[in-house]
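Happy to walk through this one with you. Let's take some labels in turn and ask what stands behind each.

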Amino acid sequence: MLRRPRRNRKSEAVRNLVEETSLSVKDLIFPLFLIDGFNKKVEVNSMPGIFRFSQDQLLREIEECMKLGIRGFDVFPAYPESLKNEAATESYNPETFYLKALREIKKQFPEVCLMSDVAMDPYSSDGHDGLVKDGKILNDETLEILGRMSLAQADAGVDILGPSDMMDGRVGYIRSLLDESGFTDTSIMSYTAKYASAFYGPFRDALDSAPKFGDKKTYQMNPANSQEALIEAALDTEEGADFLMVKPALSYLDIIKLLSENSPLPIAAYNVSGEYSMIKAAARQGWLDSDRAMQEVLLSIKRSGAKIILSYFAKEFATLSK
Ligand code: PBG
């Protein structure tokens, strides 16, 4: 035998030399859930180890994560039903607890890269990402609301806006508004290929944001399609996105690869709530090793072409790599 591939696996030192992909805390963005109030830290039932924090507790959590080397945070608010309405107007109320918390985070930790979510669902009494009329999700009318929300978040000091609703034209609409208003340095990480997925279930529990009727299939993509991701990527690029995101990650590694091979923009992947909970649930049963499964999953996402990974495992990964 002339060729013996096992020679390159014979010791850890050799394995390290030929290792193609490596993962660092610098690649990670940690999604965090915010609730109104003081001194609250409530675990999400379907996401063991993940909490909904009030602002004061969230600031402490961010400080801890920063000591572990994490610099990217994506904050999602959980609103009570009483503050939701059809037009999601609370999303751009300058006094709303989400915007106040974003402002405070940037004030206390100016060096963090703070990301926010631009979509109607946490504030919508319909639980949809768009304005609903006669059971239909309106596109262009939704853009106006996203525009107001984006300006309010940019004004609060957010570094990267994350339009996550898959409305057509939103990236260009938001980019022009930001530029006209002097927010030329505010970045956009577009949820470019966001699929209508079962894996968002635990996230919707965390935010109580499940749609009140129907599903999200008229705006989120069909899991059967990959060519469509190229159309979305081309549009987001023309419209001025700084990053393209694929979501979820694990059932869509082929899409991550496709976009990374076809776009010079940095590709991000969202390792979503259901992907986190599956591992946690199996680990609780003693059916698999959570640490090893986490590392393998994150590595596979990076290997497939994602430069950036949004993951609920970020803090655990950072703790383990210390
Ligand atoms: C909402 C939004 C969702 C997620 C991020 N932003 C849920 C949805 O589209 O229903 C999911 C994140 C996760 O599951 O971890 N626009």
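Q: Before we start on strand 4, what does "buried" mean here?
A: A residue is buried when its relative accessible area is under 20%, and exposed when it is over 50%; anything in between is partly exposed. Keep in mind that this is a predicted model.

Q: What makes strand 4 largely enclosed by the rest of the structure?
A: Strand 4 covers residues 72-77, and 6 of its 6 residues are buried, so the strand is largely enclosed. Both of its faces are covered: Gly-72, Asp-74 and Phe-76 are buried on one side, and Phe-73, Val-75 and Pro-77 are buried on the other. As background, side chains in a regular strand alternate between the two faces of the sheet.

Q: How do you know that strand 4 pairs with strand 1 and with strand 5?
A: Pairing takes at least two bridges between the strands. Strand 1 (residues 28-35) is joined to strand 4 by 6 bridges, and the two run parallel. Strand 5 (residues 113-118) pairs with strand 4 over 4 bridges, also in the parallel sense. Both counts satisfy the criterion, so both are called pairs. To see this in the model, look for Phe-33 opposite Phe-76 in strand 4, and for Val-75 with its bridge partner Ser-116 in strand 5. Strand 4 and strand 5 also make a right-handed β-α-β unit with helix 3 (residues 97-108).

Q: Why is the contact between Lys-302 and Asp-27 called a salt bridge?
A: The cut-off is a side-chain nitrogen of Lys or Arg within 4 Å of a carboxyl oxygen of Asp or Glu. The closest N and O atoms of Lys-302 and Asp-27 are 3.0 Å apart, so the pair qualifies. Lys-302 sits in helix 10 (residues 290-303) and Asp-27 in the loop between helix 1 (12-18) and strand 1, 275 residues apart. Both residues are buried, and together with Lys-307 they are linked in a network of salt bridges.

Q: What makes Glu-61 buried, and Lys-315 partly exposed?
A: Glu-61 has a relative accessible area of 8%, which is under 20%, so it counts as buried. Lys-315 has 21% relative accessibility, which lies between the 20% and 50% limits, so it counts as partly exposed. The side chains of Glu-61 and Lys-315 meet in a salt bridge (3.2 Å, N to O).

Q: Why is Glu-261 called exposed?
A: Its relative accessibility is 56%, which is over 50%, so Glu-261 counts as exposed. Its salt-bridge partner Lys-257 is partly exposed at 39%.

Terms used. Residues numbered from 1 in each chain as written. Predicted model: local features only at pLDDT ≥ 70, side-chain atom pairs only at ≥ 80, totals over all residues. Heavy atoms only, no water. Buried < 20%, exposed > 50% of the residue type's maximum accessible area, 1.4 Å probe, protein only. Right-handed = clockwise from strand over helix to strand, strands pointing away.
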